[in-house]
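Subject: Structure for you, with notes

Dear colleague,

I am handing over the structure below, together with notes on what was found in it. Please read the notes with the coordinates open beside them.

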Amino acid sequence: LVVVLGGDGTYLDAVRFLGDQQVPVVGINMGSLGFLTENRVDELDDVIDSALSGKMDSHPLSLLKLKILKDGKEESSFLALNDVVIERGKSTYLLNIGIYWDNHLVSETKADGIIISSPTGSTAYNLAAGGPILHPEVHAVVVTPICPHSLTTRPILFPDDKSLSLRILGENRSGLLTIDGKPQAEINETYEIQIQRHTNPHFVLRKPSHNF
């Protein structure tokens with residue numbers, strides 16, 4: 001059992017620390033929002049007792065598996081509970097991002113950036129950018145543009161059992177890759193980002209009375 005004391009950012013740090021180890025996590029809110037860390041500090045003793053005595057419900061949450069390829073070769077891989085974001089960073093120009101699902105071109109989107117969100121992350125940056133709320137039991141990812149250039153560009157839902165790929169199009173263009181709120185790499189047209197659901201879910205412990 002892992003006990004997280006803090007806010008949602010601390011919870012995401014714990015998920016990164018665990019990787020694909022299927023250890024249940026219970027969150028105690030000492031931050032401001034507490035969507036993932038939903039239990040209050042004054043409930044700490046009761047919550048831990050309930051967790052240790054098997055009285056909490058275990059909820060599986062989808063993890064996104066991310067591969068970073070450079071010139072066609074895998075360079076690194078990550079897991080994300082909330083979202084993967086490609087944004088323009090310090091640049092003032094729009095990014096032109098190619099979106100591919102199952103090796104088929106879906107669209108080329110000009111925007112400040114793009115958010116690829118899991119159901120858990122759908123209530124975070126995705127929601128603020130105008131994306132839909134996904135129920136945690138939905139097996140899908142949502143791709144939401146950030147301030148798109150075209151009024152007809154809208155969020156798109158994809159099944160998460162096949163690979164979703166993203167590439168920055170055009171030379172001399174670069175973007176910042178952020179995973180669960182943490183900047184990871186600067187990428188350009190030589191990179192490809194592949195995302196799909198990880199085989200192992202993340203488990204969060206919640207009270208039986210919890211209602212999404």
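The notes below cover the cores, the salt bridges and a surface patch.

This is a predicted model, in which local features need pLDDT of at least 70 and side-chain atom pairs count only at pLDDT 80 or more, while totals for chains, interfaces and linings use all residues. Residues are numbered from 1 along each chain as its sequence is written, and side-chain values use heavy atoms, with hydrogens and water left out.

The largest nonpolar core (buried Ala, Val, Leu, Ile, Met, Phe, Trp, Tyr and Cys residues joined through side-chain atoms within 4.5 Å) has 23 residues, and those with the most contacts inside it are Ile 86, Ile 116 and Leu 166. Among the elements that give two or more residues to this core are β7 (83-87), β10 (113-117) and β13 (164-168), where strands are DSSP runs of E with at least two residues and helices are runs of H or I with at least four, numbered from the N terminus. Apart from this core lies another, of 12 residues, including Tyr 11, Leu 12, Leu 36 and Leu 81.

By the rule used here (a side-chain nitrogen of Lys or Arg within 4 Å of a carboxyl oxygen of Asp or Glu), the count comes to nine salt bridges. One of them joins the side chains of Glu 38 and Arg 206, at 3.4 Å from N to O. Because Glu 38 lies in the loop between β2 (25-29) and β3 and Arg 206 in strand β17, the pair ties together parts that are 168 residues apart in sequence. Arg 206 is buried, at 7% relative accessible area, whereas Glu 38 is partly exposed at 26%; buried means under 20%, exposed over 50% and partly exposed in between, with a 1.4 Å probe and protein chains only.

Arg 88 and Asp 112 form another salt bridge, with their closest N and O atoms 3.2 Å apart. This pair links the loop between β7 and β8 to the loop between β9 and β10, 24 residues apart. In addition, Arg 40, Asp 42, Glu 43 and Lys 207 are linked in a network of salt bridges.

Finally, Leu 1, Val 3, Leu 5, Met 30, Val 41 and Leu 52 make a nonpolar surface patch of about 570 Å², where patch residues have over 30% relative accessible area and no salt bridge, and nonpolar side chains (Val, Leu, Ile, Met, Phe, Trp, Tyr) are joined within 5 Å. The areas come from the Shrake-Rupley method with a 1.4 Å probe.

With best regards

Key:
Patches are made of residues with over 30% relative accessible area and no salt bridge: like charges are joined within 9 Å, nonpolar side chains (Val, Leu, Ile, Met, Phe, Trp, Tyr) within 5 Å.
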